[in-house]
Amino acid sequence: MLADPASTAVLPHPAGGPLAIDPDLQGARRAATLILLRDSAAGPEVLLMRRAERSGDTRSGVWVFPGGALDPADAGMQALCEAADEAVWNQRLDLPYGGLDYAVAALRESFEEVGLLLAHGTAEALATVLMQRSQLLTGAAFAEACRNAGLRLATDQLRYFSHWLTPPGLKQRFDTRFFIARMPEGQTAVADAAEALEVAWLRPADALAAGLKLLPVTERTLQQLTKHDSVAAALAATDAQAPVRRTMPRLGRDAKGTRPFLPDHWAWAEIGRLDPAGRGDVFTDLLPLRAVALSERVSRVTCNNGSVMTGPGTNTYLLRAPGGDEVAVLDPGPDDADTEAHLQAVLAAAAPGRITRILVTHTHTDHSPAARRLQALTGATLIGRVAAHPMWQDTTFVPDHVPADGERLSLGEGCTLRAVPTPGHASNHVCWLLEEERLLFTGDHVMQGSTVVINPPDGDMAAYCASLQDLLSLDLQWLAPGHGFLIAEPQAEIRRLLAHRQAREDKVLAALRAQASPVTVQDLVPEVYGDVPASRHGIAARSLSANLLKLAAQGQATVDAQDCWTAV
């Protein structure tokens, strides 16, 4: 069955071909928006309009760029367009068909709402159509007026800027393509007093600072525009940008209530896993003592040990078979003043099940020390490995069982953990793979939001990078880090980390080769880690030492008796 032509959940092909189905687009209407810029003495300005106040409209009274839903008549205006190659527009917007319709809609909506018409033709023809604006209330009427005046819509002046989809869960959803163009000369923006109550030309930075009521998409777009010192620079940057990917905020919950969160928020992927329909009840902060069900097999309780080194705190995970009684606890956390409350929260999250196993990814002091106290409360078997070097380790850790590489632990039917050795951050580091969900518990091998410290002698940069490389051979769907929210697209994240480590190593080697005489680690830190706050240079020096040792093993650096380094 064909959907409403304005919806993009199911797109009817004009030739009667296959239907394009995308569940994310369910209920969304196709729409287009035009970002108009002009130069000023203080820098480029952008046109904003204040939407009409309407009861029940979440966009009521907000400041936006001109735009709106596609009109059925937009598809019939291709003959009126300059640069009307439908195939080019389809490729540009990554659509099987209908790409040019969005460009037409952006120009038509700008004309209707703010009285600006980007078109080719005589000045008299433009003036004639602009004077008729209040009478051209439908797409068909607009098309007829342009045709009679001999105007051609200036689709050739539009650049494709971005693609945004309203979050699931909202009553009004729009699948919107954003275009950017220079303000047409000799015209003046005038609000139509229906859709637009007023208009304003503002520098993007001023618009952000003015306290205007803005949608997330408008705020983010203004932030992007602040980077440019002229309209030409903004247009050139748009031409040079990578292919546009769709941006879809998701509704999440924090202390301010339920609101949209953008894809660069740490919780965004997790929201999509736990709440694809957009209920808006998934928490976007990692508060201590809160148990969060991540699936029918996995729950998470975060320790109250947030810091520069641990981010929001160490995650303790609880695992069980669906409907099962036996529970395994992974990384119970530190032994500190908050441990008693944390363990009680873990026991409550396990109830009515029994904790029979306690696993640790490694024995750094924010991951394993609470295992002893939890074992005393439950009698569970302690599973993990002992580090090769005692520095920075929980030296009291004594496992009842040392897992072999690739060893499988069954927690019941449909819940299997596999030990994945990942030395590097620590010599005894083991990730655990929940095979049924292709979910890898990464401990500190992969953290969210930062790279982990590699601290010799127990930390080994070469081993760490090799362990990352090994993970690329696993069939993974999600990462569950020891610090942070669930991470989607594991392979992309692992490749990003490998690229970052290689770039840092290249920087270390370049800095070392630039030295006229042997230098210490401390001499190199400000140059190699100039992008890191000085307050963290002490931490950075540990990973720098690990990089130098890796270079030495590769025959690219040497160290003398005074711990001074030289490039080979």
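**Close-up views of a predicted model**

**View 1. Arginine 220 and its contacts.** Arginine 220 is a residue of helix 6, which spans residues 216–225. The structure shown in this and the following views is a predicted model. Arginine 220 has a relative accessibility of 25%, and because buried means under 20% and exposed over 50%, this residue counts as partly exposed. Leaving aside residues up to four places away in sequence, arginine 220 touches Trp164, Leu262 and Asp264. Valine 114 lies 106 residues from arginine 220 along the chain, and the C-alpha atoms of the two are separated by 22 Å.

**View 2. Strand 10 and its partners, strand 3 and strand 9.** Strand 10 covers residues 173–182, and nine of its 10 residues are buried. Strand 3 (residues 28–38) runs parallel to strand 10 and is joined to it by 10 bridges. In this pairing, arginine 30 stands opposite aspartate 175 of strand 10. Strand 9 (residues 159–165) runs antiparallel to strand 10, with six bridges between them. Histidine 163 has arginine 177 of strand 10 as its bridge partner.

**View 3. The open sheet of strands 15 to 20.** Six strands make up this open sheet, in the order 15-16-17-18-19-20, and their pairing is mixed. Strand 15 (291–293) and strand 20 (381–383) are the edge strands; each has a single partner strand, so one side of each is left without a neighbour in the sheet. On average, neighbouring strands of this sheet are turned by 25° against each other, direction ignored. Strand 19 (residues 354–359) pairs with strand 20 in the parallel sense over three bridges. Leucine 359 has isoleucine 383 of strand 20 as its bridge partner.

**View 4. Helix 10 against strands 18, 19 and 20.** Helix 10 (residues 370–378) lies across strand 18 (326–330), strand 19 and strand 20, and runs at about 155° to strand 19. Ala370, Ala371 and Leu374 of helix 10 are buried. These residues are on the same side of helix 10, because they cover an arc of only 100° around the axis. Strand 18, helix 9 (339–350), strand 19 and strand 20 are among the elements that cover the buried residues of helix 10. Glycine 379 follows helix 10 and has a positive phi, near 75°.

**View 5. The open sheet of strands 21 to 26.** This open sheet has six strands in the order 21-22-23-24-25-26, with mixed pairing. Strand 21 (408–410) and strand 26 (487–488) stand at the edges; each has a single partner strand, so one side of each lacks a neighbour in the sheet. Strand 25 (residues 478–481) pairs with strand 26 in the antiparallel sense over two bridges. Tryptophan 478 stands opposite alanine 488 of strand 26.

**View 6. The crossing of helix 12 and helix 14.** Helix 12 (residues 490–513) and helix 14 (residues 537–553) have axes that come within 10 Å and cross at roughly 80°. Helix 12 is therefore roughly perpendicular to helix 14. Arg501, Arg504, Glu505, Val508, Leu509 and Leu512 are the residues of helix 12 in this contact, and they meet Ser543, Leu544, Asn547, Leu548, Lys550 and Leu551 of helix 14. The residues of the contact between helix 12 and helix 14 divide into six nonpolar, two polar and four charged.

Methods
Residues numbered from 1 in each chain as written. Predicted model: local features only at pLDDT ≥ 70, side-chain atom pairs only at ≥ 80, totals over all residues. Heavy atoms only, no water. Buried < 20%, exposed > 50% of the residue type's maximum accessible area, 1.4 Å probe, protein only. Helix = DSSP H or I, 4+ residues; strand = E, 2+ residues; numbered from the N terminus. Pairing = 2+ DSSP bridges. Axes fitted to C-alpha atoms, helices over the stretch in contact; angles between N-to-C directions. Contact = heavy atoms within 4.5 Å. Arc of directions from axis to C-beta. Parallel < 35°, antiparallel > 145°, perpendicular 65-115°, else oblique. Nonpolar A, V, L, I, M, F, W, Y, C, P; charged D, E, K, R; others polar.
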